[in-house]
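Colleague: I have not looked at this one before. Can you take me through it?
Modeller: Yes, here it is.

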Amino acid sequence: MGKHIPPFDNKNQPIIDVNDEVTPLCYFNQVRLAQGESHQHVVEGYESVIVLAGGTCSITVTNGEKTEVFDNIGKRKSVWDGNPEAVYVPLGYKAEIECVSENADVMIAGGKFEESLEPFCVREENVDIVQYGSDDTKTHRKIKHVLGQSNADNRGRLLVSELFTVGAGGWSGFPPHKHDEDRVKPDGSKETLYEEVYQFRFNPDFGFGAQFLYEHEDDFGPVYHVRTGSVIAIDKGYHPSVAAPGYEMYYFTIIVGKTEKSLIQHFDPHHEYQVETIPGIKDMIAKFK
């Protein structure tokens, strides 16, 4: 049930590769480039999105004789400096990523899919930003959706977002929830099966947090000490996380559905009542149903 990959130099090779043993629906690579350098990206059987964490790139997407060029993708120095920009790479396409700034920090997210769609770019003004929770409930967070509900017709089952704990310290993914079954529950509501991969970053950089994983609401599951660069892969179970006091926590999220395009979660029954106490969370949940 899940795994933690400690920070390491992946040398532009996939951190979560195709058909991963824990999260086979997901793909993740972090690519670092200097000005003038390029990286060739193609993943068979997966739709993907190239997100600029920092720097600026020109991205050329090709399928046979069909080519589309997206210039000047990325306007920020780091994830702490503004909104992301990205290019969606459909199934069956390849992409060339060329760094045009001094350097670039590139996140590539992928999800298994069966249909080839059309490439498109997400500019900073098109990012859907959601903020909910509060300082009082220690749940204040901001979500920047790169692939989400606003472009659902243009993507498959790949959801990609940037999540921030607002302020210094606090909880995310709370109340604890899971999404590891495609099912209709006894009360008539649904749960959908989505696998999930995170990469964490902290501000200041030496900050840290913890990722909880437990399969049943009465279980005691593993707890992972996460730092900047830590990657968590989750195939099932409840998975809240927390940032230590004094540190802002960011995580890049890749969430891929097995059959459904909408993520519908199931809350831990012991803590579900707190949906009523966290400002804005009910509206956020309703957007995905």
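**Sheets, cysteines and one serine**

Modeller: This is a predicted model. Strand β18 (residues 194–203) pairs with strand β23 (residues 248–257) in the antiparallel sense, over 10 bridges.

Colleague: Which residue stands opposite Phe 200?
Modeller: Tyr 251 in β23 stands opposite Phe 200.

Colleague: What is the order of the sheet that holds β18 and β23?
Modeller: The order is β1-β21-β18-β23-β13-β12-β11, an open sheet of 7 strands with antiparallel pairing. Its edge strands are β1 (3–5) and β11 (128–132), and each of these pairs on one side only. From one strand to the next, the twist averages 20°.

Colleague: And the sheet with β14, what order does that have?
Modeller: That one is an open sheet of 4 strands, ordered β14-β22-β19-β20, with antiparallel pairing. β14 (170–172) and β20 (223–226) each have a single partner strand, so one side of each is left without a neighbour in the sheet. The twist in this sheet averages 20° from one strand to the next.

Colleague: How many bridges join β14 to β22?
Modeller: There are 3 bridges between β14 and strand β22 (residues 241–243), and the two run antiparallel. Within that pairing, Ser 172 stands opposite Ser 241 in β22.

Colleague: Changing topic. How many disulfides does the structure hold?
Modeller: It holds 0 disulfides.

Colleague: Why is there no bond from Cys 57 to the closest cysteine sulfur?
Modeller: The closest cysteine sulfur belongs to Cys 99 and lies 5.0 Å from the sulfur of Cys 57, which is too far for a bond. A disulfide needs the two sulfur atoms within 2.5 Å. Seen from the other end, the closest cysteine sulfur to Cys 99 is that of Cys 57, at 5.0 Å.

Colleague: Is Cys 57 buried or exposed? And Cys 99, buried or exposed?
Modeller: Cys 57 has a relative accessible area of 0%, so it is buried. Cys 99 counts as buried too, at 2% relative accessibility. The cut-off for buried is under 20%.

Colleague: Last topic, Ser 48. Which strand does it lie in?
Modeller: Ser 48 lies in strand β4 (residues 46–54). Its relative accessible area is 2%, so Ser 48 is buried.

Colleague: What does the side chain of Ser 48 make a polar contact with?
Modeller: With the side chain of His 41, at 2.9 Å.

Colleague: Which residues does Ser 48 touch?
Modeller: Leaving out residues up to four places away in sequence, Ser 48 touches His 41, Val 87, Tyr 88, Val 89, Ala 109, Gly 110 and Leu 158.

Terms used
Residues are numbered from 1 along each chain as its sequence is written. This is a predicted model: local features need pLDDT of at least 70, side-chain atom pairs count only at pLDDT 80 or more; totals for chains, interfaces and linings use all residues. Side-chain values use heavy atoms; hydrogens and water are left out. Two strands pair if DSSP finds at least two bridges between them. Axes are lines fitted to C-alpha atoms, for helices over the stretch in contact, and angles run from 0 to 180 degrees between N-to-C directions. Buried means under 20% relative accessible area, exposed over 50%, partly exposed in between (1.4 Å probe, protein chains only). A polar contact is a pair of N or O atoms within 3.5 Å; within protein, one must be able to donate a hydrogen and the other to accept it, and residues adjacent in sequence count only if both atoms are side-chain atoms. Contact means heavy atoms within 4.5 Å.
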